[in-house]
Amino acid sequence: NSYFTTCNSLMALQIKDLLKTIFLVLQPRGNQKHYASFIITRVIMGPALFLHHFWSSGATLSLPIEFVRLVSKQMNWHLELASNGKLLAVVQDQTIEIRSAKDEFGSVIGKCQVPKDPNPQWRCVAWSHDCTLLAYGESTGTVRVFDLVGSELFLIQPVTSFPGDLTYAIAGLIFLEYKASAQWSAELLVINYRGELKSYLVSVGTNQSYQESHVFNFSKHYINGITGVIYHPAHRVLIIGGYEMDDDGAGMSKASSCGLSIWRVLSGAPYYKQVTSYEDDVGIVKKSSLFKIFHPSFYNRQGREKDGVFKMRFSPDNTRLAVIHFSGKLTIWSIPSLKQLREWKQSEQPGYDDIKLEWKLSLEKRKKIKDKESFYPLIDINWWGENSVILARCSGALTVSSVKNLKNLLGKSCEWFESAPQVTSAHEGGFLCLECEVKFAPKRLRSESRPGDEDEGEDDSDSDDEMSAKTRYFGYLKQGLYFVTEMERFAPSRKRPRTIIKNYRLVNLRSTTPEELYQRKIDNEEYGEALSLAQTYELDSDLVYQRQWRKSTVSVASIQDYLSKIKKRSWVLHECLERVPENVDAAKELLQYGLKGTDLEALVATGKREDGGRFILPGDLDIDELLYEEFLTPEEEAEYRKEQEVIKHQELLDSVDFSKLTLEQRELCRCRLKLLTYLDRLTTYEEILGGPHAAEQNYDAEFFRKFRNQNIVLSAITYARESNVRGLEILFTYHGSDLLPYRLPVLSNFPETTSPHEYSFLLPEACYRENALEIVPWSEKKHREE
């Protein structure tokens, strides 16, 4: 004992002398302050203050490096979805927003003001069982309770807390139903990472107050503190997560060796009792007989880093527990037996080493991900369904995986977010994901920089990490000389500060059928992805081309790119008949395309029911049918093709019995007749405008829409009333069979002010032939052969 006392006294003197020396060396002269001096001061003072706190407080508890590293990778903001899925708490820097599911969490119904936390990743938040209260825990151990509108009801200060000591941060906030007295609304459990639990009875309404109920300490079981806690309301038990334990051959259950234990909540003292298995009971007996004096420590076990529990989540039916460990391991446990069902080490998890493609292609990103293994671990977990979990990694990869084999249910590739996203549990077929995009603001112009300022470069990775050992050595030496001599020649170059922009995004991912997702992709005009879905799930790709066709102007290109890829005959013919393009060439091409789908081949296939409702284009003549034994000139080959087409056309025509057409065949003939009529009217309209070249300039789509459906006699009367002699002449020429019987009534519509000499040639003419008076027939023409 005297030996240990002497050693402790010497250590205390050495530490005090070390602190004095550090303060003397780093005491700045005058009012000069510099970024580099601040960094070195922090580097040296950090361990010194830690040793001082270690000695003065007598506290031997410290958080493991792996756990601290994982928590530090989390973003500063936090999400907490209420148990009913109707309310969401978004913990921001100095505000907590309460959002409602009525408008898919788009509006804020309450705001809670909180002070800025020096360690925002170590904060936590929890909803009450009835979703009327919200508890918020700071990294210092302070707890605040708010109502739904954001009013602060209670402020609970910790009895002891040391600045910078994260063991006093809140590991869990749990609301319990309290039925022992009507005076109190609920019971709030506050547990920190040291394993210290405090119970508070809270009351809201007219008698708004709180009081401490009892305290408990889990340090007897977790001598190095805890890392997480979760409450099971059905069984009224607490599941505590801590560091991996070494049984030293004494024997213990798998759960206990992994750092998990289950504690029943009692109504009276001692308030919490551990539920142990047979293996745990045997291990306790062995330890009590073998190790009465020395307790195993977490860090002195053969110099080996221990694993532990990082995060825990219950399944929707509360029968299973998913656990993330420091090492990236994922385990599934049954509840309440805590029997292990599944285990996957990080290297056994599918896609654990996937990295964003844009990171691989970006030079700036590649510099920042030199340590790729730091992006592999799981950072968050939740349940999607009874047999699937939502896994989020530090790299930003998010998957919905089966608990049987961790197969990604979203497909071959994962969904990519920014680094270390947070996810909520699934409710009503969807879950929420919070991500943070970090960007550097654009640099100031070089003219705005002050003399002596040094540009930081594109990113911080271009500094000390890429310097040679020699350069770094002389840099440190130069900084030391500057602190000693304060000569400007040794002053390090000042770096301009860079502004960091953080964009937080709340994303709602919902369950959907392939059909719903397919329609959503089409509505969002994501046609490439929609076609991929159609190919994967054998969906109707016509919907994609139909949307593209209707959103594009009619042209030869759009007909080839979109309309020609649509298979449904009735839809294509409807578009060809109803849509009127804005230029004459497109109008002609559209009508001709519709005629191709109503040819004899389509009529025969429709009668045989071989078309399946598809739009069938006539096939070209097979080249193999040509006589290659003989040498044919191009003219002879064209003539041969024409003869073969005539023969084939006649064979198809003979195979159709027009007296026994089906309803589909009759509809096809009706469409063809209408298309031919429209095409004749278009050709007539071109002639009226002055020919194809003039029609390109003077074509009016709205006029043609009316003209092609109008009775031809009424059109002729309209032209006569407008004194359009040229238009009426063309109508008589190409539509004489319909108009000439009404020739005189049509001509009588010319205004009286129009000179008869202008339209005299339209009047009927007579001549004597063989001593008989005969009417000279009008010279008619046809746009096409009958």
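Biologist: Which description fits H13 and H17 relative to each other, roughly parallel or roughly antiparallel?

Modeller: This is a predicted model, in which local features need pLDDT of at least 70 and side-chain atom pairs count only at pLDDT 80 or more, while totals for chains, interfaces and linings use all residues. Residues are numbered from 1 along each chain as its sequence is written, and side-chain values use heavy atoms, with hydrogens and water left out. H13 and H17 pack at an angle of about 20° with their axes 10 Å apart, where axes are lines fitted to C-alpha atoms, for helices over the stretch in contact, and angles run from 0 to 180 degrees between N-to-C directions. Because angles under 35 degrees count as roughly parallel, over 145 as roughly antiparallel, 65 to 115 as roughly perpendicular and the rest as oblique, H13 and H17 are roughly parallel.

Biologist: How many helices and how many strands does the chain have?

Modeller: Both are DSSP runs numbered from the N terminus, helices being H or I with at least four residues and strands E with at least two. By that rule, the chain has 23 helices and 31 strands.

Biologist: How many of the ten residues of helix H13 are buried?

Modeller: Buried means under 20% relative accessible area, with exposed being over 50% and partly exposed in between (1.4 Å probe, protein chains only). In H13, which spans residues 569-578, the buried residues are Arg569, Trp571, Val572, Leu573, Glu575, Cys576 and Leu577. Their cover includes helices H11 (542-551), H14 (584-596), H15 (600-607), H17 (663-689) and H19 (701-709). The helix is largely enclosed by the rest of the structure, because the number of its residues that are buried is seven.

Biologist: How many nonpolar residues are there in the contact of H13 with H17?

Modeller: Contact means heavy atoms within 4.5 Å, and here Arg569, Leu573, Cys576 and Leu577 of H13 meet Glu664, Leu668, Cys671, Lys674, Leu675 and Tyr678 of H17. Ala, Val, Leu, Ile, Met, Phe, Trp, Tyr, Cys and Pro count as nonpolar, Asp, Glu, Lys and Arg as charged, and the others, Gly among them, as polar. The contact of H13 with H17 therefore has three charged residues, no polar ones, and a nonpolar count of seven.

Biologist: Is the crossing of H13 and H14 left-handed or right-handed?

Modeller: H13 and H14 pack at an angle of about 145°, with 9 Å between their axes. At this contact Val572, Leu573, Glu575 and Cys576 of H13 meet Leu590, Leu591, Tyr593 and Gly594 of H14, which by class gives six nonpolar, one polar and one charged residues. A crossing is left-handed if the near helix is turned anticlockwise from the far one by less than a right angle, and right-handed if clockwise. The crossing of H13 and H14 is left-handed.

Biologist: Is glutamine 546 buried or exposed?

Modeller: Glutamine 546 is found in helix H11, and it touches Ile566 and Trp571 when residues up to four places away in sequence are not counted. Its C-alpha atom is separated by 7.2 Å from that of tyrosine 562, which is 16 residues away along the chain. Because its relative accessibility is 13%, glutamine 546 counts as buried.

Biologist: Which strands are the edge strands of the open sheet S5-S6-S7-S8?

Modeller: Two strands pair if DSSP finds at least two bridges between them, and the pairing in this four-stranded sheet is antiparallel. S5 and S6 (residues 134-137), for example, pair over four bridges, and cysteine 124 stands opposite glycine 137 in S6. Each edge strand pairs on one side only, and these strands are S5 (124-127) and S8 (152-156).

Biologist: Which residue in the turn between S13 and S14 has a positive phi?

Modeller: S13 (residues 226-232) is mostly covered, with seven of its seven residues buried, and it pairs with S14 (residues 237-242) in the antiparallel sense over six bridges. Histidine 232 stands opposite valine 237 in S14. The two strands form a hairpin with four residues between them, and the residue in the turn with a positive phi, of about 50°, is arginine 236.

Biologist: How far apart in space are glutamine 92 and lysine 116, C-alpha to C-alpha?

Modeller: Glutamine 92 lies in the loop between strand S2 (87-91) and strand S3 (95-100), and it counts as buried because its relative accessibility is 14%. Leaving aside neighbours within four places in sequence, glutamine 92 is in contact with Trp77, Glu97 and Arg123. Glutamine 92 and lysine 116 are 24 residues apart in sequence, and their distance in space is 9.4 Å.
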